[in-house]
Amino acid sequence: MRRVDWRMWMGVGVVGLVCLLWLGVTGGLIWASLEENERQAVITAVGPRAVLLIMMWAISLVAVGVVLKRLIAEFKTAPARLAEDAKVLLGTDVKRRLTPQGTAENRQLTEVINQLVDQREALRTEMDQRVQEASRNTELEKSRLAALMSELTKSVVVCNLDGRILLYNNRARMQFKALSKAPAVAGGVELMGLGRSIYGVLDRKLVTHALENIQTRLKRGASAPSAQFVTTTQAGQLLRIQMTPVRAVLNQDLAPEQPDLTGFVLLLENITRDFEDDSEKDRVLYSLTEGSRAALANAQAAVEVLEYPDLEPDMRDRLIAVVREEIQGLGKKIDELQASSANNLRSRWPLEDMLGADFVDAASTRIQAALPIEVSLDQVDGSLWLKVESFSLLQAMVHLAGRLHEECRVKALQLRLAAAGQRAHLDLLWKPDYPDTKAVLGWEMEQIRVGSETMSLTVQDVLARHSGDSWIEREADGGRAFFRLLLPMAAPQEELSSDAFLRTESRPEYYDFDLFQSSAQSRSLEDCLLSELTYTVFDTETTGLNPAAGDEIIQVGAVRIVNNKLLHQEGFEQLVDPQRSIPPEGIPIHGITPDMVKGKPTIQQVLPAFHSFANDTVLVAHNAAFDMRCLQVKEQATGVVFDHPVLDTLLLSAVIHPNQESHRLEAIAERFNVTIIGRHTAMGDAMVTAEVFLKMIPLLNEMGIRTLGQAREAAQKTYFARLKY
Amino acid sequence: MARKVLIADDEPNILLSLEFLMKREGYQVVVAKDGQEALDTIAREKPDLVLLDAMMPKKTGYEVCNEVRSNADYKNTLILMLTAKGRDTDIAKGMALGADAYMVKPFSTKELAQKVKELLEGLA
């Protein structure tokens, strides 16, 4: 049904009335001026035709109505619609063109609005592009920073003024692993993590002292002060630490004298081994100097006494024995010295650790690039690390290969690398045309020549600098001849574990600069916002469901949530030897067989490490009552008490969705659209629980549950809180 | 009366030579093989001069020197430190603790005999 347009009816009514009024007044005036007979004539003429008069009036009103309707549509409705449409465009980001309606002016206006909208859209798109570009650059810079940091060979840790870690690199992670008191358990992850306190590793007083030192120098106007200190860690390692301040981004409005420290960067170096090496060198030096002095004194005194002509034969024999003994002693000392690991007193080139296989590859490439020789690999020990100055050593090898090519017309070489005691054998093999290898003798003593360049060093020089040597040998079967280069080996490197990168497709989250802003937790934990707390979300797998009656933990998995982010890299995952049988009916569920836990750490070793891992955090678990009970029954045996505040995702789910039938982890994960990978491994479940928990926080927030205290109170009121284990 | 010399050294190989040498120079010789024995012998024998090795078991030569010098009874006892420590700080330490002379091993026995003679003549 069409809406009645009252404006039109009003208009028609007004026009009708005006017409009537006009007709009445005009008729009345004419009537008054008429004679009686004239009046009679009018009555006679008009009287019977009054109907016609009324009809014409009505018809003219219809015409008025039509015109009015048209006018209203043109001048009133069309602009009003335009205004509404324009308001929609103004208030939302709906993109559409308005259809011109109404008068020419209205149409023009619509066209102008359309143009404005187009212009606005163009601007918007351009702005979006710019924002995207800028954020892509930021992302790029961020990941470049992360890459740079994680590839650095020095340990870097950045902390805010409270000592909370907000960036660390992979090397630092490895180093902290070595500092862990229980490195065998879960890889010692309990020390290093975003948001963790550096004071877990370093003495607070040392750090404070260094900071004060820096602050004083900053106030004195030093441009780049830094502080150094050496400390022993709890695990007995010696660390040299360099501290550099992180200063606030300069703000012109701030008074310059205000202290502008926001945190500090620590460069950590484990100097335990250097220190041991130095001590060993000292010992060797001592035995060389002071130790030899005494022996020489004994011998010299004896020799000088022997010079007396009137010596008794018996005394003479004894003195000769003394001289012999001392000389033998000195010889022995020199032998020991040569065998000792500190046989590195000579000033050396800076030798670097290099994977042997990498060096062999480099040699092969370099020889083939410089000479028309085919190089293939014989046996190469891929696990072997060399300590080399690779440039000169490669030059030496190219030189030898070049001489072989010139003098013996050798066209094919093989490379071989193997360990031999403390040293490595690097062999350059070839098949000689004739059995005599004399032609190649003496090449090691020539100056190294590569192409047209001649170095001032000989092959022998290069090897001497490596405390190595070289010679020519023939294989026992008389087939191939080879140059053997004897090279020092390096301890296998801690290869920056690739699985640390493989766990996620992206770069590890080793930094969170938002933590710069967070200050010391002055509020009590209960009053802290859920979104600000640090959580350890964990799960345990057990031999059964009755911890009080002897069921044991066989796996612990945990992840951390810091600053509202799930840290995938900082997981704690450990199988535990339950020191009892695992009931076969549980194996299909958790997938842990007795073989897998054999030889693993026991709960007495694992729980203290897990306790450190969870230090200063809120524990979160699904059906936490069970997991907490498992931990509590071990309190006496392990001596660690888990008195952390606890949140239970099962109870929180009941708070958020009281009308849902199931609060099992799978059901909740489905509700929150969380993908489940590795369900029923401790780590898998902990991950799912953590993701679910992160989605719960904003929902709880909407319900007015913002703090830890409120969340715990709400959870306690649910039906499920009555479950006991 | 012959002067009495105590040779304190834990190396039997040097004791042999030094004992012969000192006797040949006409001194009465007593020996000690560690620091404690040296102190006991000094108390018992009251030697005029001690040839004192710095590095000895039980008590070092420095400790012996220190104890001897802090006892007024031995104020006339001469001490000649013999040591394998050749750094100037070690020599300074020995002299500071009251040694009368210092010789670094290895030394010429003739020079040693000469030094001992000089010291004992100074006493006279």
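**Helix packing in chains A and B**

Modeller: In this predicted model, the buried residues of H18(A) pack against strand E18 (618–621), strand E19 (646–648), helix H19 (665–671), helix H20 (682–702) and helix H21 (708–716) of chain A. Local features need pLDDT of at least 70 and side-chain atom pairs 80 or more, while totals for chains, interfaces and linings use all residues. Residues are numbered from 1 along each chain as written, with chains lettered from A and ligands numbered from 1 in the order written.

Colleague: How many residues of H18 in chain A are buried?

Modeller: Seven of the eight in 649–656, where buried takes 20 or more other C-beta atoms within 10 Å of the residue's own, placed from the backbone. Among them are A:Leu650, A:Leu651 and A:Leu652. Helices are DSSP runs of H or I with at least four residues, strands E runs of at least two, numbered from the N terminus.

Colleague: Other topic. How many residues of chain B are in contact with chain A?

Modeller: 16, against 17 residues of chain A; contact is C-beta atoms, placed from the backbone, within 7 Å. H1(B) gives the most to the chain B side, with seven residues.

Colleague: At what angle do H7(A) and H1(B) cross?

Modeller: Roughly 35°, with the axes of H7 (residues 272–306) and H1 (residues 12–24) coming within 8 Å. Axes are lines fitted to C-alpha atoms over the stretch in contact, with angles from 0 to 180 degrees between N-to-C directions.

Colleague: Which residues meet there?

Modeller: A:Ala297, A:Asn298, A:Ala301, A:Ala302 and A:Val305 meet a set in H1(B) including B:Ile14, B:Ser17 and B:Leu21.

Key: Two residues are in contact if their C-beta atoms, placed from the backbone, lie within 7 Å. A residue is buried if 20 or more other C-beta atoms lie within 10 Å of its own, exposed if 12 or fewer, and partly exposed in between; C-beta atoms are placed from the backbone.
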